[in-house]
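Please open the model in your viewer and keep the selection tool at hand. We will go from stop to stop together.

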Amino acid sequence: MSQVPDIAALSLSSQADYKVAAFPGKDAQREQVVDIVDKLGFIPDDLIEQEVAWFYNSLGIDDQFFSREQPQIIADIIHSLYASKLDSFAKSESAKAPLAIKNRIVTKDNHAIFMESTGARFANLLGSEAEASASADYADSYPPYQLDVEVDDKFLDNKDKKPMRVVSYWTPESDVKLTFAYEAAFGARAAAVSQEQLLAGDIDAISDASMAQTVSQETKKLYGLLISLVQQREGPVIKVTASKDNADEVRLLVAYKKGTTKHYYSELNSLFHYYKLRVSKFFVEQFQLAEESKDVVAFSIYLNKSQQASDLLPQDLELSIKQIEREASLLYAIPANSFVKLYEQRQFSPQEAIYAHAAAIFIVHFINRLGDDYKNLLTQVNPKENDVVMWEIIGNLKKKLRNETYTQQMIVDVLERYHGIVSKLYRNFSDVHYVRDDASKVEKTLSYKRMAKIEPFKNDQEFDAYLNKYIPNDSPDLLILRTLNVFNKAILKTNFFITRKVAISFRLDPALIIPKVEYPDTPFGIFFVVGNTFKAFHIRFRDIARGGIRIVCSKTQDIYDKNTRTVIDENYQLASTQQRKNKDIPEGGSKGVVLLNPGLIAEKDTFLAFTQYVDAIIDILIKDPLKESYVDLLGKEEILFFGPDEGTAGFVNWATLHARSRGCPWWKSFLTGKSQSLGGIPHDEYGMTSLGVRAFVNKIYETLNLKDAKIAKFQTGGPDGDLGSNEITLSTPNETYVGILDGSGVLCDPKGLDKAELVRLANERSMISGFDKSKLSKDGFFVSVDDSDVMLPNGTIVANGTSFRNTFHTEVFKFVDHIDLFVPCGGRPNSITLNNVNKFIDPKTQKTRVPYIVEGANLFIAQPAKIELENHGCVFFKDASANKGGVTSSSFEVLASLALNDDDFVHKFVGLEGQNLDGGKVAELEKTTPLYDAYVQHVQKRVVYNAEQEFAQLWRINQETGTPISELSDKLSVTINKLNDDLVDSEELWLNDTKLRDYLLLEKIIPKLLTDVATPEKILQNIPDSYLKVLISSYLASSFVYKNGIDVDIGKFLAFIGELRRESYKN
């Protein structure tokens, strides 16, 4: 193994690091340039030599540039610079006014030159002999270089461009920054470069050809080291070192995975501007590794101490560079924030600006818009629990109130207006969460010096008094600022001050931010994550909880605004539904939602957001030895269990292996829905979710003697999806499909769709657009979402295919005579509400037009609409009951990964042999192990068993009481969860009756398949105690309620426990 090189010994000087051979043709080229300039006649004859000499000698440009450029291009640049001087001089009243140069020359798509100045004196640039002073105007009024953003947009961030190499120069003599962009020259992608090669500087195969010829071997080692460090963790690697052979020079090095942030080049230049530092040379290098996703961008930034403003003291220069080293990671995570104006004016530090940016997003989603008025309204109206119409009206009013108050722009405007209050609250935040390992070091940072001048609020009383002093008591600004204070108090831990991060994560206290009047059940925990392309949340209702992570994309700003308004409600409802659905298993319910910025819909965009979301949350779940520590006000270990959901099914393998690479001890159980090669039980392949749904359908048939009856069936969610495809392949012979809709459009045939053709599509996982249209009857049709002005067999004109698809589920009876069974297997939440449920009720008979509905898709039908359908005769089983097969399967997946040690799990359960998990990928298995196959069969049987148990109890109570099954389902879940919570908090079973405890775990709960591999003793050691406790409590709670019903009688429960205890002693 190669020795890790010492960074301080590898940075010699900008001249030695980038060794540019003298250009022998430089003098001849200069003469050619003079001739070209002279022929044009724009520059006076007596100034031509001076202007050309100034360009060649005073701008710090090395000979490599001159060797690469044609004389005509150089002449064009000189003309452009001279024209800018004249223009600035003509517009100014004094020769001491600043020079304004902002030009660009794009010679072709793969080459460009940018020229820009900030504030030098004309006297220095129009022939004066007076030396330019390093202290030339650099006042606060001068903005950062504007053309840097174009360099990012046109070249560095442009996905359509090939990799670009960028070099910029600045000298105090000119105060002109020249930036050159060239297309990098790479050969074919090389095979993987080893760590030994990287550390030895053997990087030519992955480097731009011109860079490889130019840089020293020391710099190659330095870049190799940076690439190696980038591969260890997500986020930027940032290092500062003095040049070994030039005491006047300091070098800042930054490296990161290409494509993981935007505008980073321009944002770093802005950061230097904020601290009034001038960069003499800035090199942007690209490295092309074996896989495009691992390509690296590196910045090499040189500053000369003697070229900084004269009023910048040496110690301030050192402190500024140290501060930049810390804040560069913040700008990587959030390169564009909502408070750029205050940041450029230096009224906010970079940290304050990004704190305010994250806080503004928090306020948008968690401000209590409804307040006491909504609570008073509920008190006055006092709606009954089963008054679904009144609750729907109140719900619509709540949505309207939310939509019309406190927009994001309003919140940003208020925080800008009261930026002094924001700074004081930032001081409160940093006082709590900035880790002070060494007070003497803290006092040396610029942020500390700035913060020392700001007085924090001592307590809430002082904060309220301050607000009341300056803001009228009827101003809406008060609630915004008070919510900012709530944000501070709600933060239990954050990675804000960790240097290397990809997004900013916060663990929040739900009790402080979730108003009970709107959300009756307070979650256990909330994570809030802000990234450069997304904002995201994770809500869980129990300490041990599991649920999927879904991606929400918005094609337009309008759709994004709508999604922003509903994301917390949707996240809460999905997690709450998961909590009810998870009643049979140890884990409570949770859900994560990642909302991408408008227009980001490509898989590359969604994957990047998902990776940054996961990595940022891991930052505050573990104590990473490769990162700084953080303040943990929660004070206890947390383990999250994620799963796949909309848009993330293909990412779970990455997240599992990433958790392993981060050193998470629970990496095997972190993600469910993994591929079989990582021990996952794919729901789609084994039909886990559909087995539960089908169990309810089959029990309806069995109970109502419908097994041989002809059933006309309608389904949302097509053969390309997990639930939709398996619903088709598991459907019984008596079912005839009359309609299906999916992402591609609508497929309908009142005479019945060809079942074999649907099964073919389901096996191929193809959309209904692939259905053989020749198999449709004369009344059948397919309408694509891309169609317009299409006439259907019954004469209906479809103006817009997308709109037709979006509403077809409520308009289906215009095209089919009747439907017996409706199984939603896909679609947006609340697709059917009280506003459109009348479409499913016959206006003449007032009976439901669909007698049987089994809701496979989560929240597809709003609760009031479900009850309305049942009131009109529909047999309805809701999502929390029917769609729980997947969560049962995932829970068993977690159990296997916790119960077996790494060796048994990898080799005996999964069957991975000869694969290196450190590579970040694993090959698909040729075959699964006998242990795995037997375990899957065990899980499938349990899924069906649990569904049949719940069906039986719901049906019995419904027949006895007439209570709608949709209400009973919730009551059943609440009863099981409440009993579970009571039991898990009890130490009686855990400490006082260990014989019964171990009997339940080893004989009733943990499959014998696992105990035979791990041994009973080891398996109880492998599984964390917290998880063992919920294994017992959830088993007892669900078993008792399924046997005895929703009225928990203490006598019956003691008898139930007594029976189990007697069993344990017999064994």
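The tour below moves through strands, salt bridges, a surface patch and a helix. Keep in mind that this is a predicted model.

**Stop 1: strand S13**

Start by selecting residues 545-552, which make up strand S13. Eight of its eight residues are buried, so the strand is largely enclosed by the rest of the structure. Now add residues 588-596, strand S14, which runs parallel to S13 and is joined to it by six bridges. To see how the chain gets from S13 to S14, show helix H25 (residues 557-581); this β-α-β crossover is right-handed.

Next, bring in strand S15 (residues 641-644), which pairs with S13 in the parallel sense over four bridges. Which residue of S14 stands opposite Ile 549? Click on Gly 592 to find it. In S15, the residue opposite Ile 549 is Pro 644.

**Stop 2: salt bridges**

The structure holds 64 salt bridges, and we will visit a few. Select Asp 615 and Arg 662: their closest N and O atoms are 2.7 Å apart. Asp 615 sits in helix H26 (residues 603-619) and Arg 662 in the loop between helices H27 (652-661) and H28 (667-670), so this salt bridge ties together parts 47 residues apart in sequence. Both Asp 615 and Arg 662 are buried.

Move on to Lys 668 and Asp 902, whose side chains meet in a salt bridge at 2.8 Å, N to O. Here helix H28, with Lys 668, is linked to helix H37 (residues 902-910), with Asp 902, across 234 residues. Lys 668 counts as buried at 7% relative accessibility, whereas Asp 902 is partly exposed at 39%.

Then pick Asp 779 and Lys 751, a salt bridge with an N to O distance of 2.6 Å. Asp 779 lies in the loop between helix H32 (755-764) and strand S19 (781-784), and Lys 751 in the loop between strand S18 (745-748) and H32. Is Lys 751 buried or exposed? At 58% relative accessibility, Lys 751 counts as exposed, while Asp 779, at 23%, is partly exposed.

**Stop 3: a patch on the surface**

Switch to a surface view and colour Leu 40, Phe 42 and Leu 86. Together they form a nonpolar patch with about 290 Å² of accessible area. Leu 86 belongs to helix H6 (residues 71-91) and is partly exposed, at 37% relative accessible area.

**Stop 4: helix H38**

Finish with residues 930-961, helix H38. Its 32 residues reach 47 Å from first C-alpha to last, close to the 46 Å expected. Just after H38 comes Gly 962, whose phi is positive, near 80°.

Definitions and conventions: Residues numbered from 1 in each chain as written. Predicted model: local features only at pLDDT ≥ 70, side-chain atom pairs only at ≥ 80, totals over all residues. Heavy atoms only, no water. Helix = DSSP H or I, 4+ residues; strand = E, 2+ residues; numbered from the N terminus. Expected span 1.5 Å × (residues − 1). Patch = residues over 30% accessible without salt bridge, like charges linked within 9 Å, V, L, I, M, F, W, Y side chains within 5 Å. Areas by Shrake-Rupley, 256 points an atom, 1.4 Å probe, with all protein chains shown as cover. Salt bridge = Lys/Arg side-chain N within 4 Å of Asp/Glu carboxyl O. Buried < 20%, exposed > 50% of the residue type's maximum accessible area, 1.4 Å probe, protein only. Pairing = 2+ DSSP bridges. Right-handed = clockwise from strand over helix to strand, strands pointing away.
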